[in-house]
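Subject: Handing over the structure

Dear colleague,

I am passing this structure on to you, as you have not worked with it before. Please look through it first, and then read the notes that follow.

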Amino acid sequence: MKKYNGFAFLLFLFFIGSACYHSTGIEAPVSVVSQTDENNAKLYISNSPKTMGAYSDYYLSNNRFDVIVDGGILGERKQNFLAPTGGTIVDITNISVDALGNKRSYNNDNINQIFQVVNNSLDLPVAYTEIRVDTISDESASLVCKGFVMDKAGVLANAGFSVDSQTKLVKDLKVTTIYYIERNSTYLKMTTVVENTSGREAPVFTVGDFVFTGGNTYRRFVPAPGYGYSPENSAHGVVYAPFVAFEQHVQPFQALIEFSPDDGVIMCKFDSSNQAFNKSGGTYTVVSKVGKPSDTVAPHSSITFERYIIPSLSANMYTAFFNALNIFEENNSNPRNFMIDLAKISGYVNYNFDQQNMIVQFEQIIPGKYFDGNEIINSPVPVPMIAYRTSETGGFSVYLPAGSYQMRVWGNGVKDYVENSYTFYDQGDPDVEGDEIEEERQIIVEPGSKLDVGEISLYTDLVGGVETVVKDSSGNIIPARISVFPADTSKTVNFGEQEEVENGSLNYYFLYYGDRKMYLELGDYSFVVSAGPLYSISVNDVGISKGEDEDGNPVINITPEKVEVSLNKVVDNGDYIPFDPAVLTNFSYNCTVNGVERVMEALSEHVKVIMTADVNTVTDLQDFYTALRARYNKETSTKIEFNEDDIRVLTGATIKSFSPKSAYPEGFGEYLIFPVKRVEGLKGFGIGETGDREFATIYDSIKTKMEIENLYCGLINPRDNSQLVNGIKRGLFQALNLPVPATLDNWYFSRVSEHGTGTRNDVFSLIEVLENVKYGDYLRNRADWFNILNSGEKKLAFGASNWPGATPYFTGSPRTYVYYPVTENGFNQDEFLAQFASGHSFVSTGPFLDVKVNSAIPGDTVAVSSDSVDVSIKIQAPDWIPVDEVRVIVNGEVVYRESVPVSNNVNRYSKTVNVALPSNDSYIVVECGATLENIEAGVLPQGYFAKVYPEVQPLAFTNPIFVDRDGDGKWHEK
């Protein structure tokens, strides 16, 4: 490594911004704690357009941050997601004061929930029965929540404690939590006391916070596992560490850090494994007081956990940690407080591919030390101490305990690079010849020292850059995607942050603007270039090798140096527009990719319209387009102009209906509502938890508050059997324990809105029959859908990607093709959504399916007086997409089935099939692609389709064409 003396790492710029309150001369706002109502909602909840508070919630604020605490036990949301009651932190955000004294909040939607649990278990949550303002003054404010431990699984009952049969509350285990803020303070102080008022020992060894981050968090961060590292179990289990941080939204960037200076160390339990350095969506961390399962709380004694949360508005999540250092150092008498007498290490990564967002992990080499929950002991292996994601320049700067270290670097194509030394250079006295010093030194830091290790150069002689250009048949550069496959199958390819996940392939490179340089290590590769299912693909062999020039100097040989391909749009989709109706982002529940990245990905898949359930997009759609345009222009160096015709972004919302609890014995229902818009004071614009209300009531409330005449509703994957961390299921039919095939005769669907409008819980007109790659759910949803149609309920189908948290799942797979002839007046959102809601569409993961009965298309009703009808079927697909067979379904039964010959012709099938009809009204659905037998058996296709869309079945199915046999001009729905 080469050391640059002039290198300066500008890590602490955020401190300059935090000082602006005083530099402007503006008086800092006083502390505030108040319960919100319709009189102050605009001031409190609606202070930020992105806020997620609601009426009856509690609002705490100083001039640094805002905190929203759910007032659900007193207000409308009596069941708040995972927590059994209110008293739960639902939002924390940073604020700033501009030169005019205007206060602004940022992204007040940073977490799904922070609530208290005992013994790190959701089976022992804390349920609050009282919330009240405790103290308030110009200098400080506090909120107190009182309640009891809830024994959901009978653990405490088995220990002899009395448990209320209805509420499951253990009245002998009282809990008090206080949220406390001070004017100008950078942290929220939280203190929880669990008091055992009984005469027996309580099997309680710890109390802590269940932090459910959902998809709103890119990744959680723990300093190492650090002192909690276990050589025998380095990847799983409990981690002991000085703090834990949660990276939050971007625009602007925000992070939360939680720590306990009095204890010096906290106990962290992860959802399934220690993902301290990985992205995570829909995950949680339990942050608790250190304790052992054998510990108990004696009769008439208590356990106290005091901790701090720092929200940090900054350029990097690790800077939240630096805000905490002074607080740590004030508690240096604690023998377990490791974050004192720290040393600083800085430097930068030089990697000609992409040096931003690489992970630099510092590992304390033997004899590294770690805390095992009881004592500090020596480790037989290097102990990961802290990790850092590099800045745009590749820079990193960390504080860590004194000791000897090695650096491990990975990401952006680098799998595992270890460096245990750096090059020290001292030019000496310029007047003295030969006194320069250049030597390799070990990475050793002393307390209070600062070490600049300079440049870490990664594989500069082992990496080659391949130019890539993708054009259409007219020579225009188009967005595309390259799937890279090494000839050496033991090799993996990782193209950076979005793809850096634990599930799925990592070898997808998005050419957002069609030309980009791609860096790869030495080796032979196959490039499969694609642009979605309407286009051809191109397969190219690329070799990168090391050689010498004519002077014997080492060079990198790249064959070919430039991959320039032409992809033809071979499928004529006519007036059908490719649409992904449910695209979630990191501003939505359980997803990890931000909105702009998601849309950029959709461009590469040539999806023309997407609908996001994204709070930021709902709030600031024009700002979203501005950010998207800026990103596009940055990527293209303004070579290509971006406009709204390239992709349309519509705004929807996902609604989780949890209540009434008796209707959901095992879970909840999830719905897609569209279109939506921002309304001040409306909790999350209707997105998120809905409390003790019928879904029909929620629907009516949103429709009224948003003043939307045509508010549409779809039921999201009702057979989703995936579970939240407390065991409840997401699919409505699964939650209701409906048999397959289901009907809507269940009593729940006939329940009506409490607003007296007559709206029923079955107000949804659409059902998501295919979600992502969940083909087991698809087969059950398909059977349910047909059975519901057979009962006379006119429910239409759609398919969506929902939350493709990472590759190999992509936006637009599946997609819903909506019939929408664009007129000279251009695209009209209301007209397009009306077509989608009318079922003028078909769902596809690949094949293009054009079906008509007479002139009727899917979603239409056609009058037929005869006993049979001709069904016109045309199937198009590029040669890389397999189509095994075509099926015609009448009233849920396959009445015609034909194999489709393998062909390189884009027109795979074109035939008019005559099918018999029953004497009463009926419906016709056409399917094509994989056989039902292969779908049921999980037999996936091979070849290039599997390379472009792994784990995907080639499949397309239409919405019904409804047949009116009795001539009354309508279909016989109820």
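The expected span of a helix is 1.5 Å times one less than its number of residues. Please keep in mind throughout that this is a predicted model.

Helix α8 is a convenient place to apply that rule: since the helix has twelve residues, 695–706, its span should be 16 Å at 1.5 Å a residue, and the C-alpha atoms at its ends are indeed 16 Å apart, which agrees. The helix is mostly covered, with nine of its twelve residues buried; these are F695, A696, T697, I698, Y699, D700, S701, I702 and M706. Among the elements that cover the buried residues of α8 are the strands β41 (653–657), β42 (669–674) and β44 (712–715). Directly after α8 comes E707, which has a positive phi, near 55°.

For the chain as a whole, the secondary structure comes to 13 helices and 57 strands, and buried residues make up 61% of the 974 residues. Of the contacts with a separation of 6 or more, 73% are accounted for by residues 24 or more positions apart.

Turning to the interior, the largest nonpolar core has 132 residues, and those with the most contacts inside it are F527, I873 and I924. Helix α10 (residues 775–790) contributes the largest share of this core, namely six residues. Apart from it lies another core, of 45 residues, which has I131, V170, Y179 and V204 among its members. As for F527, if residues up to four places away in sequence are not counted, the residues it touches include V466, T468, I482, V484, M518, L520, V539, V542 and V563.

Some single residues may also help you find your way. The count of disulfides comes to zero. Buried means under 20% relative accessible area, and C713, at 2% relative accessibility, therefore counts as buried; C928 counts as buried too, because its relative accessibility is 0%. A141, which is found in strand β8 (residues 140–150), likewise counts as buried at 0% relative accessibility. A141 and I181 are 40 residues apart in sequence, yet their C-alpha atoms are 5.5 Å apart in space.

Two sheets deserve a description, and I begin with an open sheet of three strands in the order β49-β51-β54, in which the pairing is antiparallel. The edges of this sheet are β49 (848–852) and β54 (907–916), and because each has a single partner strand, one side of each is left without a neighbour in the sheet. From one strand to the next, the twist averages 15°. Strand β51 (residues 868–876) is joined to β54 by nine bridges, and the two run antiparallel; I875, for instance, has Y909 in β54 as its bridge partner.

The other is also an open sheet of three strands, in the order β33-β30-β37, but here the pairing is mixed. β33 (515–521) and β37 (562–566) stand at its edges, and since each has a single partner strand, one side of each is without a neighbour in the sheet. The twist in this sheet averages 25° from one strand to the next. Strand β30 (residues 463–471) pairs with β37 in the parallel sense over five bridges, and the bridge partner of V469 in β37 is E564.

Finally, may I draw your attention to strand β6 (residues 113–118), which is mostly covered, six of its six residues being buried. Q113, F115 and V117 point one way from the strand, whereas I114, Q116 and V118 point the other way, and all of them are buried. β6 pairs with strand β7 (residues 121–136) in the antiparallel sense over two bridges, and V117 has P125 in β7 as its bridge partner. The hairpin of β6 and β7 has two residues between the strands, and in this hairpin N119 takes a positive phi near 55°.

With kind regards

Terms used. Residues are numbered from 1 along each chain as its sequence is written. This is a predicted model: local features need pLDDT of at least 70, side-chain atom pairs count only at pLDDT 80 or more; totals for chains, interfaces and linings use all residues. Side-chain values use heavy atoms; hydrogens and water are left out. Helices (H or I, at least four residues) and strands (E, at least two) are DSSP runs, numbered from the N terminus. Buried means under 20% relative accessible area, exposed over 50%, partly exposed in between (1.4 Å probe, protein chains only). Contact means heavy atoms within 4.5 Å. A nonpolar core is a set of buried Ala, Val, Leu, Ile, Met, Phe, Trp, Tyr and Cys residues joined through side-chain atoms within 4.5 Å. A disulfide is a pair of cysteine sulfur atoms within 2.5 Å. Two strands pair if DSSP finds at least two bridges between them. Axes are lines fitted to C-alpha atoms, for helices over the stretch in contact, and angles run from 0 to 180 degrees between N-to-C directions.
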